Amino acid sequence: MFDLPAQRAHLSEKYDLTPSPELAASMSDIYDRMSRVVSPVDWAIYAPYVKAINDLKVQRNAVILGHNYMTPEIYHGISDFGGDSLQLAIKATEVEADVIVQCGVHFMAETSKILSPDKTVLMPDMEAGCSLAESITAEGIEEMRRRYPGAPVVSYVNTTAEVKAASDICCTSSNAAQIVAAQDSHTVIMTPDQYLAQNVARDVPQKNVVWWEGSCIVHEQYSPQDLRDFREWNPGTRLIAHPECPPDVVAEADFSGSTSGIIKYVTDEKPEKALLITECSMASNIADSLPEVEFVGPCNMCPYMKKITLEKVLFALDTMTGQVEVDAEVADKARLSVQRMIDLSRQLGI
Ligand code: SF4
């Protein structure tokens with residue numbers, strides 16, 4: 001369990017973390033990236049942590065990977081790279097760094113370790129899990145293989161290393177339909193997200209897509225009625241849904257896409273008002289780069305992602321605790337599933 005008081009006592013002995021408007025003002029270049037969504041008062045609280053982490057990053061030769069669902073002070077304040085889990089893990093293989101700090105959830109840190117086995121990967125809170133990743137184990141994959149003999153298993157990257165290792169190939173929400181369509185078999189098993197699988201089944205009718213019944217606790221909360229009500233109360237708002245939402249929700253939206261697909265859509269289209277039907281921080285993290293777009297609520301927060309805080313990142317980097325290890329044999333097999341996806345995506349030109 002996390003010992004927050006002990007962690008705080010340790011940090012306060014080594015760092016001056018008192019809120020500082022002066023320090024905050026001296027770091028206005030960083031603040032400018034989040035000024036629409038973070039108040040000056042909050043920035044004065046965050047600034048000492050951001051400075052301490054950024055200094056320590058240099059000493060440790062570390063890079064920080066910030067998922068799109070991180071809060072803005074993490075995403076814009078300390079992250080060297082921002083993006084979805086796979087973009088981040090691939091980016092980490094391309095940089096000369098000894099340490100990777102994963103600001104995201106545990107399966108993402110595992111993916112980074114699988115792709116960068118020689119780097120130290122730190123997870124600021126080991127309890128940052130994921131309802132999707134936890135919904136299936138390698139035994140679940142074997143059960144699906146028994147139910148559908150000969151069918152290939154396509155697993156979403158939101159899975160543990162063990163599940164990736166037991167699968168034939170991985171997919172992301174942006175390439176899932178093409179990866180499924182490219183399989184030789186008529187029946188294709190998709191795990192663990194039932195809604196992503198159902199959305200793919202609609203887009204790839206030539207395949208018999210069967211799925212595991214996992215779901216994301218953030219995206220499954222939306223209902224089609226929520227979208228209809230919102231459209232009625234806020235005419236002119238563009239509704240943009242992530243494909244981890246149920247298909248009837250996606251059907252009510254004006255556009256559906258992965259996190260990178262959503263960012264591209266809003267950046268290209270610049271709607272006057274947009275509602276992102278996904279995790280709350282997505283809109284916050286792109287608000288300052290798109291001042292012409294008004295992002296409107298409601299949104300749902302991922303409790304796992306929100307376990308990562310500046311304080312925990314500083315502690316992990318200071319003490320080098322929270323190191324993520326993946327069994328070498330499991331990592332080799334899991335890497336193969338990820339690599340097959342990367343190779344197939346390149347071959348398909350996506
Ligand atoms: S948003 Fe959903 S898929 Fe992403 S980490 Fe949270 S629970 Fe998992």
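Lys and Arg are counted here as positive and Asp and Glu as negative, with His and the chain ends left out of the count. On this basis the chain, which is described from a predicted model, carries 29 positive and 50 negative charges, and the mean positions of these two sets are 3 Å apart.

The fold is built from 17 helices and twelve strands. The radius of gyration of the chain is 21 Å, close to the 20 Å that the globule rule gives for 350 residues, and the chain is therefore as compact as a globular protein of that length. Taken along the principal axes, the box filled by the C-alpha atoms has dimensions of roughly 60 × 55 × 35 Å. Of the 350 residues, 56% count as buried, while the area exposed by the chain comes to about 14800 Å², of which carbon and sulfur atoms supply 51%. Among the contacts in the chain with a separation of 6 or more, 63% are accounted for by residues that stand 24 or more positions apart.

Two aromatic pairs are present in the structure. In one of them, Y31 and W43 are stacked, with a distance of 5.6 Å from centre to centre and an angle of 20° between the planes. This pair links distant parts of the chain, since Y31 belongs to helix α3 (residues 28-31) and W43 to helix α4 (residues 40-60), twelve residues apart. Both Y31 and W43 are buried. In another pair, F255 and Y265 are likewise stacked, with 4.1 Å between the ring centres and 5° between the planes. Here F255 lies in strand β10 (residues 255-256) and Y265 in helix α14 (residues 259-269), so that the pair ties together parts of the chain that are ten residues apart in sequence. The two partners fall on either side of the cut-off for burial, which is set at under 20% relative accessible area: F255, at 25% relative accessibility, counts as partly exposed, whereas Y265, at 14%, counts as buried.

Helix α4, which holds W43 of the stacked pair with Y31, also contains Y46. At 21% relative accessibility, Y46 counts as partly exposed, because burial requires a value under 20%. When residues up to four places away in sequence are not counted, Y46 touches V38, E73 and L310. By contrast, the C-alpha atoms of Y46 and S155, which are 109 residues apart along the chain, are separated by 37 Å.

A further set of contacts involves S284, which is located in helix α15 (residues 280-287). Leaving aside its neighbours within four places in sequence, S284 is in contact with V37 and P72. Between S284 and K264 the sequence separation is 20 residues, and the distance in space, from C-alpha to C-alpha, is 15 Å.

Several features of the backbone were found in loops. A cis peptide bond, with omega of about -10°, joins T191 and P192, and P192 is placed in the loop between β7 (187-191) and α11 (194-203). A cis peptide bond also joins G297 and P298, with omega of about 0°, and P298 lies in the loop between β12 (294-295) and α16 (310-319).

Positive phi values were found at N61 and K270. For N61, phi is about 50° although this residue is not a glycine. N61 is situated in the loop between α4 and β1 (62-67), and with a relative accessibility of 34% it counts as partly exposed. For K270, which is not a glycine either, phi is positive at about 45°. The loop that holds K270 runs between α14 and β11 (273-277), and K270, at 37% relative accessibility, counts as partly exposed.

Definitions and conventions. Residues numbered from 1 in each chain as written. Predicted model: local features only at pLDDT ≥ 70, side-chain atom pairs only at ≥ 80, totals over all residues. Heavy atoms only, no water. Helix = DSSP H or I, 4+ residues; strand = E, 2+ residues; numbered from the N terminus. Rg over C-alpha atoms; globule rule 2.2 N^0.38 Å. Buried < 20%, exposed > 50% of the residue type's maximum accessible area, 1.4 Å probe, protein only. Contact = heavy atoms within 4.5 Å. Areas by Shrake-Rupley, 256 points an atom, 1.4 Å probe, with all protein chains shown as cover. Charge placed at Lys NZ, Arg CZ, Asp CG, Glu CD. Phe/Tyr/Trp six-rings, centres within 6.5 Å; stacked < 30°, edge-to-face > 60°.
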